[in-house]
Every structure is written in structure tokens, then in C-alpha cells.
Amino acid sequence: MTPIILVWGGVDFFYQVIESNYSYKHRRVQESYSEIETLVLGDSHAFFGLDPKYLDSKAFNLSNISQSLYFDQLLIEKHIDSIPNLKNIIITIGYYSLSQKKNVKEDIWRKYFYYHQMDLEIPFISPFDIRKYSLASNRRFCKSVDLIKKYIKEGSIVGCDANGWGNYYDKKASEVSLEEESRRTAKKHEDFLLDFGENLDRLQTIIDYCKKIDCNVYLIEMPVYQSYLDNLNPEKLQKIEESCNKLVLENDNVTYINLRRDNNLEVSDLYDPDHLNHKGAKKYTLIINEVMINSKNDN
């Protein structure tokens with residue numbers, strides 16, 4: 001029994017002292033409070049696709065892989081009052097963003113990292129849940145071992161730069177691989193849900209708070225490969241677009257940038273069917289930056 005306790009304690013100690021994307025971003029955003037003018041949120045499409053160094057305003061990317069609007073809202077509520085110069089919030093909207101329910105799929109284990117390493121209060125974590133007190137109990141042992149091996153080999157398990165941008169999607173996809181992956185990726189992202197109520201309420205709450213501090217909100221659909229789109233539900237795609245346009249009509253601080261079918265997208269911009277690589281991230285962050293500048297001039 002003692003060896004098991006020692007191993008468990010060692011893994012828990014690893015999670016407490018070694019920085020991950022969660023703990024690193026938590027530290028960096030606090031260190032940058034006085035400088036930040038633009039805060040980027042969203043899931044992996046923002047994490048890999050929006051590089052703050054190509055925005056004119058001082059920006060920090062607080063997105064993360066599989067980060068839902070539920071956690072976007074919690075992160076905004078935690079940090080927004082500490083960022084005195086905040087002028088813009090960017091939130092990426094993917095195919096599943098508006099229909100995603102809380103505490104399902106990726107949230108089942110990721111919520112504990114938000115709790116332990118980003119200091120978020122997560123209402124649906126039970127006080128009787130052992131994972132509330134130990135991250136070693138949260139993931140399969142083999143996953144933890146893989147992380148420890150990665151740290152020993154590379155000296156870090158952080159996968160983003162100082163501005164929070166995910167910087168390891170550097171390869172270029174091929175048309176063959178994109179065609180092969182599109183159907184599989186679309187199937188993985190399909191939740192068969194068209195009820196956007198909860199997440200639209202979350203967005204409206206964020207938007208209303210931003211109005212009070214004279215902050216603009218940019219809802220962005222990132223560019224994706226055509227075959228991926230062809231395998232998605234067109235009714236849902238239309239409803240996403242209509243919902244975002246409705247938010248624009250009802251709120252003067254909201255801009256919707258729909259790049260999902262952008263004609264400027266090249267195969268060489270993509271890492272996989274729905275993620276940009278380094279080249280694509282630079283290209284589309286600059287495009288988004290230009291739209292942001294023009295939208296401010298129009299106002």
C-alpha cells in the first residue's frame with residue numbers, strides 16, 4: 001500500500017509544482033493586467049489560430065484546448081475587473097460552441113485543472129469529490145506518466161508562448177490528409193443539438209458587462225477546410241450565423257467576423273481541417289486585426 005501512496009503523492013506533487021498551460025496562463029495574465037487591451041478567449045481554434053503579437057493592441061490569449069463558453073465566462077468574471085485598460089474581448093465561435101453543455105465530454109476532467117491551476121470556482125464540483133483535492137486522481141495514470149516523461153525530456157509541458165498563443169501547430173497539412181480527416185473530425189464535433197439558449201445567455205452576460213466598461217466584443221468564426229464544412233449540418237451552421245448576427249443587431253458593442261468560408265484560405269494555412277498552423281495564425285490574426293481597426297473607425 002505504501003508504494004501506491006508514494007507514487008500517488010509524487011504525481012500530485014508534479015501537478016502542484018510544474019506549470020501547465022493552465023497554471024502558466026493564470027500566472028501570465030495576472031502579470032500582464034496593467035498592459036492588456038485585448039483578451040482572447042475560446043477553444044483550440046483561438047489557442048492555435050490567434051497570435052497576440054500580430055494585433056495592434058496589447059493582447060493576451062486566455063483560450064485553451066476544448067475551452068467552452070462556460071469557462072470563458074468564468075475566466076472573464078474572474079479577471080475583467082483587474083484589467084484597467086481592457087478595450088476588446090475576442091471569443092471564437094466553433095461549430096459546437098453554442099450547443100455545448102457544461103460538465104460533459106472534455107469538461108469531465110478539465111474542470112479540475114481550471115479549479116486547481118486557474119483558481120476558478122466551479123459550482124458543479126462536489127465537495128465530496130476527491131479530485132477537488134488531488135489532481136493525481138483526475139486522469140488515468142498512463143496520461144500522467146506521459147506528461148512526466150515529456151517534462152523530463154523537454155523541461156516543460158507548457159505549449160504556449162508568453163502571450164498565451166499555442167505555438168506547436170507548426171506543420172502544414174496536405175490536401176490528402178485534409179480530405180481524409182474532414183469527415184472524421186466533423187463526426188467527432190457533431191452533438192446533434194440545436195438548443196443555443198444557455199450559451200447565448202452566457203454571451204449576452206459577457207456583452208452586457210463589457211458595455212459597462214466600454215469594451216468591444218468580437219465573435220469570430222475561424223476559417224476551416226471546405227470538406228469539413230460539407231460534412232456538418234447546414235441547418236446548424238445557419239443557426240449559428242443567425243444567432244451571432246442577432247447579437248450584433250441587439251448590441252452596439254458586438255462585431256461578428258465570419259471567416260468560416262474565407263476565400264483567402266490556403267491548404268498551406270492549415271494544420272488539420274479545423275485548425276490553423278503558424279502561417280495561418282499569422283495571416284488570419286492580421287486579417288482580424290484589420291477588421292478590428294476598421295470597426296473602431298466606423299464607430
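**View 1. Ser182 in helix H7 of the predicted model.** Ser182 sits in helix H7, which spans residues 175–189. The residue is buried, because its relative accessible area is 1% and the cut-off for buried is under 20%. Sequence neighbours within four places aside, Ser182 contacts Tyr225, Ser227, Tyr228, Asn231 and Pro273. Pro127 is 55 residues away from Ser182 along the chain. The C-alpha atoms of Ser182 and Pro127 are 41 Å apart.

**View 2. Helix H4 packed with helix H8.** H4 covers residues 69–79, and H8 covers residues 197–212. Their axes lie 10 Å apart, at an angle of about 20°. H4 is therefore roughly parallel to H8, since angles under 35 degrees count as roughly parallel. The crossing of the two helices is left-handed. H4 brings Leu69, Tyr70, Gln73, Ile76 and Glu77 to the contact. H8 brings Asn199, Arg202, Leu203, Thr205 and Ile206. By type, the residues of this contact are 5 nonpolar, 3 polar and 2 charged.

**View 3. The surroundings of helix H4.** H4 is mostly covered, with 9 of its 11 residues buried. The buried residues are Leu69, Tyr70, Phe71, Asp72, Gln73, Leu74, Leu75, Ile76 and His79. Several elements cover them, including helix H2 (21–31) and helix H5 (107–117). Strand E1 (38–41), strand E3 (88–92) and H8 are also among the covering elements.

**View 4. Tyr22 and Phe113, one aromatic pair in the model.** The model's count of aromatic pairs comes to 14. In the pair of Tyr22 and Phe113, the rings are stacked. Their centres are 5.5 Å apart, with 25° between the planes. Tyr22 belongs to helix H2 and Phe113 to helix H5. The pair links distant parts of the chain, 91 residues apart. Both Tyr22 and Phe113 are buried.

**View 5. Phe47 and Phe48, an edge-to-face pair.** The ring centres of Phe47 and Phe48 are 4.8 Å apart. Their planes stand at 80°, so the pair is edge-to-face; the cut-off for that class is over 60 degrees. Phe47 counts as buried, at 0% relative accessibility. Phe48 counts as buried too, at 2%.

**View 6. An aromatic cluster that includes Tyr22 and Phe113.** Tyr22 and Phe113 appear here again, as members of one aromatic cluster. Phe14, Tyr15, Tyr70 and Phe71 also belong to the cluster. So do Trp109, Tyr114, Phe124 and Tyr151. Tyr70 and Phe71 are among the buried residues of H4. Tyr70 is also one of the H4 residues in contact with H8.

Notes
Residues are numbered from 1 along each chain as its sequence is written. This is a predicted model: local features need pLDDT of at least 70, side-chain atom pairs count only at pLDDT 80 or more; totals for chains, interfaces and linings use all residues. Side-chain values use heavy atoms; hydrogens and water are left out. Axes are lines fitted to C-alpha atoms, for helices over the stretch in contact, and angles run from 0 to 180 degrees between N-to-C directions. Helices (H or I, at least four residues) and strands (E, at least two) are DSSP runs, numbered from the N terminus. Angles under 35 degrees count as roughly parallel, over 145 as roughly antiparallel, 65 to 115 as roughly perpendicular and the rest as oblique. A crossing is left-handed if the near helix is turned anticlockwise from the far one by less than a right angle, and right-handed if clockwise. Contact means heavy atoms within 4.5 Å. Ala, Val, Leu, Ile, Met, Phe, Trp, Tyr, Cys and Pro count as nonpolar, Asp, Glu, Lys and Arg as charged, and the others, Gly among them, as polar. Buried means under 20% relative accessible area, exposed over 50%, partly exposed in between (1.4 Å probe, protein chains only). Rings of Phe, Tyr and Trp (its six-membered ring) pair if their centres lie within 6.5 Å; planes under 30 degrees apart count as stacked, over 60 as edge-to-face and the rest as tilted.
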